[in-house]
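Trainee: I would like to go through this structure with you and ask how each label is earned. Could we start from the terms and then work through the values?

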Amino acid sequence: MNCFLVLLILVTSFSFVNVNVNVNALENDDKNFIFEEEQKVLQYSDNSTDAKVEKLAIIGAGAAGSSAAYHLQYFTNHLYNVTIFEKANYVGGRSTTISNFEGSNDNDDIDDFYAELGASIFIKDNKILSKAVDIFNLTLQEFSVEEKYPDLFDGSFGIWNGNKFVFEGQSNSLWSKFKFWKKYGYSPIKAYRANKNLIRNKFLKFFYDNDEHFPFDDLNKINIESGLIELTNKTGKDYLTDVENLNQDFIKEFVQATTRVNYAQNIDQLHALGSAVTLAAAFSGSGLQVKGGNYKIFEKFISFSENNQLLLNSQVNKIELMKGDENWKITYNDGVEDFFNQVLIASPYHTLQDIEIDIPNKENEKFLINNDLAKVEFVKLHVLILKSKEKLSSEYFNSTGNLESLPEFIMTTQNDADENPPFFSINIIDYNNDTDNYIYKIFSPIDMTLENNDFKLSTLFKENNYEILKNHLWESYPYLVPKNKFDTFKLHEDGLWYLNTMESFISTMETSALMGANVAALISNGKNTTNLIIPIGSS
Ligand SMILES: Cc1cc2nc3c(=O)[nH]c(=O)nc-3n(C[C@H](O)[C@H](O)[C@H](O)COP(=O)(O)OP(=O)(O)OC[C@H]3O[C@@H](n4cnc5c(N)ncnc54)[C@H](O)[C@@H]3O)c2cc1C
């Protein structure tokens, strides 16, 4: 039980190694694929066109869609003819990397640098992802800079409130643990125990319960039965204060630092299941990352079956309910049509605005989205990756000088007046020995590079010496607002599914993959050749 392990994990959540761009990796790794440049189609060469085989469409090749594709074939021994439409030119969605920004090292790809631009870590208890790493023989890597370069980095971290560091420490340091205990008393231990109990006895026990609850056909029912509704209907702050009776400084400083770095939301904004997930990551002590990029899991999910056809650069514009055997007409790339028995929408809420859904007994697509589904707002998160030969400026942070230099991993919280610092976190994610460059990742609500900001990026580096490698704006995850009721994931009884319902409940790669597996199991029921259980026990 080590609270600083969280910090260790959070630090390690942003690490680097080397890889080619995703499509190349797919081409190289999976020789069965052929890449047809003109049509921008990736498919297996012997893909079946048997008309009797049930045809399923999946929209989106992220964690949810790729997991659905895998589990549909897994449960039925490759029964379905599945087409995965992906508007981007890569698999993974919000799990993606930027690569090779420091150039090749002696032309050895293994030593190239890369960074996770989106989803960075998962934990051992993320059973679907952990099992996939196993089944597909992927490699997990050490990711913290202090593990990679122990002579250069010491695992230092700090919680900055815009005026001062409210806590500074070092992972694996007894002195830091003592300071932590002195400042927050027994609250971290109480929080750790409660969190462990909750993840085991409310989340895993119900959502992965192959005897009774999996697959679940109603998210609200399982939310009530598991008791998690007590967390989804309150803010993290209210739950940790009223139910767990934790110290207010611990909640505002430590727990809020984890919710800000993981969900870009403050503890009085997001629901308590959201804060429980960020604490679980912090307490787990074993953050995991796939070498080469987490997206490799999702590529493997899709290439698992010859009956999965992946169409990259293929944006779905319209879904139409028809009469006849193949119920659904899909129009993509502004005019190409195909027909399917069932459709799984595995893209986030805001992307539904670009898909016309035409169901005869409903008025029109607006009716479906606006009336049948609650509006879900996504956080706009700026992710900046830059390199510099400098360490961060201690002047900017009014550093107390307790540490030899500024912490390698800076999380943030609000100050006494509840004002927010201009960024959520800054950390060193890698170091290039040859060039002496530190690689930094910054999460912020604003574009840190704009000249007219009150905050100037240049103030972080004394010599103003840095180079921007990537400045990306994500619609990263939903605002996890407290809720009693979540949307249905079965939009129409003739086979229209909406997997992204899960994200307002909780947003992680694992839970998206879980919803993919769940819907796959519901569809496969009756046609399954293996038990409809999450394949976490055997490969
Ligand atoms: C910066 C950042 C950090 C994160 N950190 C973590 C982390 O450390 N750990 C973690 O578990 N999670 C993390 N997350 C959250 C995680 O990325 C998501 O919860 C998860 O990846 C969602 O997967 P998904 O398949 O549901 O959606 P997505 O990954 O968004 O996939 C949806 C896909 O649908 C495609 N699409 C959309 N519209 C269409 C259309 N009309 N036609 C065809 N295709 C379409 C999109 O291009 C996309 O590829 C992070 C997210 C961000 C942005």
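Mentor: Gladly. Let us begin with one definition: a residue is buried when its relative accessible area is under 20%, exposed when it is over 50%, and partly exposed in between. Keep in mind that this is a predicted model.

Trainee: Why is Asp 154 called partly exposed?

Mentor: Asp 154 has a relative accessible area of 34%. Partly exposed is the class in between under 20% and over 50%, so the label for Asp 154 follows from its 34%. The residue sits in the loop between helix H5 (145-148) and strand S7 (156-160).

Trainee: What does Asp 154 touch, not counting residues up to four places away in sequence?

Mentor: Asp 154 touches Glu 146, Gln 170, Ser 171 and Glu 408. Contact here means heavy atoms within 4.5 Å. For Ser 171, 17 residues apart from Asp 154 along the chain, the C-alpha atoms are separated by 7.7 Å.

Trainee: Why is Trp 175 called exposed?

Mentor: Its relative accessible area is 56%, and exposed means over 50%, so Trp 175 earns the label. Trp 175 is found in helix H6 (residues 174-184).

Trainee: Which residues form a nonpolar patch on the surface with Trp 175?

Mentor: Phe 178, Trp 181 and Tyr 186 form the patch with Trp 175, and together the four have about 520 Å² of accessible area. Membership asks for over 30% relative accessible area, and Trp 175 at 56% meets that part of the test.

Trainee: Is Leu 246 buried or exposed, and how do you know?

Mentor: Leu 246 is buried: its relative accessible area is 5%, and the cut-off is under 20%. This leucine lies in the loop between H10 and H11. Leaving aside neighbours within four places in sequence, Leu 246 is in contact with Ser 187, Lys 190, Ala 191, Leu 240, Thr 241 and Ile 251. The C-alpha atoms of Leu 246 and Ser 187 are separated by 5.3 Å, although the two are 59 residues apart along the chain.

Trainee: Which residues are buried in helix H10 (residues 236-243)?

Mentor: Gly 236, Tyr 239 and Leu 240 are buried there. They cover an arc of only 90° around the axis, which puts them on the same side of H10. An α-helix has 3.6 residues a turn, so residues three or four places apart point the same way.

Trainee: What covers the buried residues of H10?

Mentor: The cover includes helix H7 (187-207), helix H9 (229-232), helix H11 (248-263) and helix H12 (272-284). Just after H10, Asn 245 takes a positive phi of about 50°.

Trainee: What makes helix H13 (residues 295-303) largely enclosed by the rest of the structure?

Mentor: The count does: 9 of the 9 residues of H13 are buried, so the helix is largely enclosed. Among them are Lys 296, Glu 299 and Lys 300, along with Ile 297 and Phe 298.

Trainee: Why is Asn 313 called partly exposed?

Mentor: Its relative accessibility is 27%, in between the under 20% of buried and the over 50% of exposed. Asn 313 lies in the loop between strand S9 (308-311) and strand S10 (316-321), and its phi is near 50°, a positive value in a residue other than glycine.

Trainee: How do you know that Asn 333 is partly exposed?

Mentor: The reasoning goes the same way: Asn 333 has a relative accessible area of 37%, in between the two cut-offs. Asn 333 is placed in the loop between strand S11 (328-332) and strand S12 (336-340), with phi near 45°.

Trainee: Where is the peptide bond that is cis, with omega near -5°?

Mentor: That bond runs from Phe 214 to Pro 215. Pro 215 has its place in the loop between H7 and helix H8 (219-226).

Trainee: How many residues does the largest nonpolar core have?

Mentor: It has 105 residues, and those with the most contacts inside it include Ile 58, Phe 207 and Ile 297. Helix H16 (residues 509-524) gives the most to this core, with 9 residues. A second, separate core of 25 residues includes Leu 321, Tyr 332, Phe 340 and Ile 355.

Methods. Residues are numbered from 1 along each chain as its sequence is written. This is a predicted model: local features need pLDDT of at least 70, side-chain atom pairs count only at pLDDT 80 or more; totals for chains, interfaces and linings use all residues. Side-chain values use heavy atoms; hydrogens and water are left out. Patches are made of residues with over 30% relative accessible area and no salt bridge: like charges are joined within 9 Å, nonpolar side chains (Val, Leu, Ile, Met, Phe, Trp, Tyr) within 5 Å. Accessible areas come from the Shrake-Rupley method with a 1.4 Å probe; for residues, only the protein chains shown count as cover. A salt bridge is a side-chain nitrogen of Lys or Arg within 4 Å of a carboxyl oxygen of Asp or Glu. Helices (H or I, at least four residues) and strands (E, at least two) are DSSP runs, numbered from the N terminus. Buried means under 20% relative accessible area, exposed over 50%, partly exposed in between (1.4 Å probe, protein chains only). The arc is that of the directions from the helix axis to the C-beta atoms. A nonpolar core is a set of buried Ala, Val, Leu, Ile, Met, Phe, Trp, Tyr and Cys residues joined through side-chain atoms within 4.5 Å.
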